[in-house]
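Student: Could you take me through one part of this protein up close? I'd like to see which residues face in and which face out.

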Amino acid sequence: MHHSRVLLGALTGLALYLRAHSIGADPRVVFDEVHLGNLANNYMASQFHLNPHPPLGKLLITLLFRAFGYTGGSSFDSGEPHPDFVPYVQMRRVQAVLGTLLVPVVFAACRALRLPEMAGIYILADLVDLTIKSQRQTRECLTIWFKHAVLLGVLPLTIYMLAFWQHFARQTNYTPQADHMGSEFNVRLNGSALQMQPPSIYNTSFVVIRANNYPFDYLNLPSL
């Protein structure tokens, strides 16, 4: 146990040094700051934007920007110096600390699972083996299964879905990227050309068909 703590302390200290040493020496915008900074700008301006990645990390970064007093306004051009109102050093430090914390978390998880590396298949195999070979009562086995299902399934899925709910709830203003979404989504965005029409169609509604990406061009339909 003593040797494990020494090893963990050494790995964590090394990880922190590699991440945080001279972290504010370069005032220029680097690649990740281009991507993450502009996503934070979009969230702060409530502008719709396409992002292929799950939004939780971007939402947390936006929250950190706000906590450090940034409210938008930087273009985050790659290679250009950060303006004075962008707290880029504080942001880099926080993310360096969060990255460092992965080391003790993964280390502790691997020790608890007795695995050289983490993998869900091993957890599932362990649960199956416990159910088949253990002499515990059925209620205890079901309790163990339930706890693992909640911690490894329900809780992550809930966080995942809440992140997407918050992601779309914050995007209320139209941008051209929203054209990739359906008309039912676009009609609820501020500034969308589709807002001239109601979001729902009823029996007595008068319907006009237009091309989706060109809302003012009518489709050529043959006379009936």
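Tutor: Let's start on the outward side of helix 3, where Leu63 and Ala67 are exposed, meaning over 50% relative accessible area, while buried means under 20% and partly exposed lies in between (1.4 Å probe, protein chains only). Keep in mind that this is a predicted model, where local features need pLDDT of at least 70, side-chain atom pairs count only at pLDDT 80 or more, and totals for chains, interfaces and linings use all residues. Residues are numbered from 1 along each chain as its sequence is written, and side-chain values use heavy atoms, with hydrogens and water left out.

Now flip to the other side: Lys58, Leu59, Ile61, Thr62 and Phe65 are the buried ones in helix 3. Looking down the axis of helix 3, you'd find its buried residues within an arc of 160 degrees, so they line one face of the helix; the arc is that of the directions from the helix axis to the C-beta atoms. Here's the general idea: an α-helix has 3.6 residues a turn, so residues three or four places apart point the same way.

As for its length, helix 3 covers residues 56-67, twelve residues, and spans 17 Å from first C-alpha to last, close to the 16 Å expected at 1.5 Å a residue (that is, 1.5 Å times one less than its number of residues). After helix 3 comes Gly69, with a positive phi near 95 degrees.

Zooming out, the protein has seven helices and zero strands, where helices (H or I, at least four residues) and strands (E, at least two) are DSSP runs, numbered from the N terminus. Of its 224 residues, 24% count as buried.
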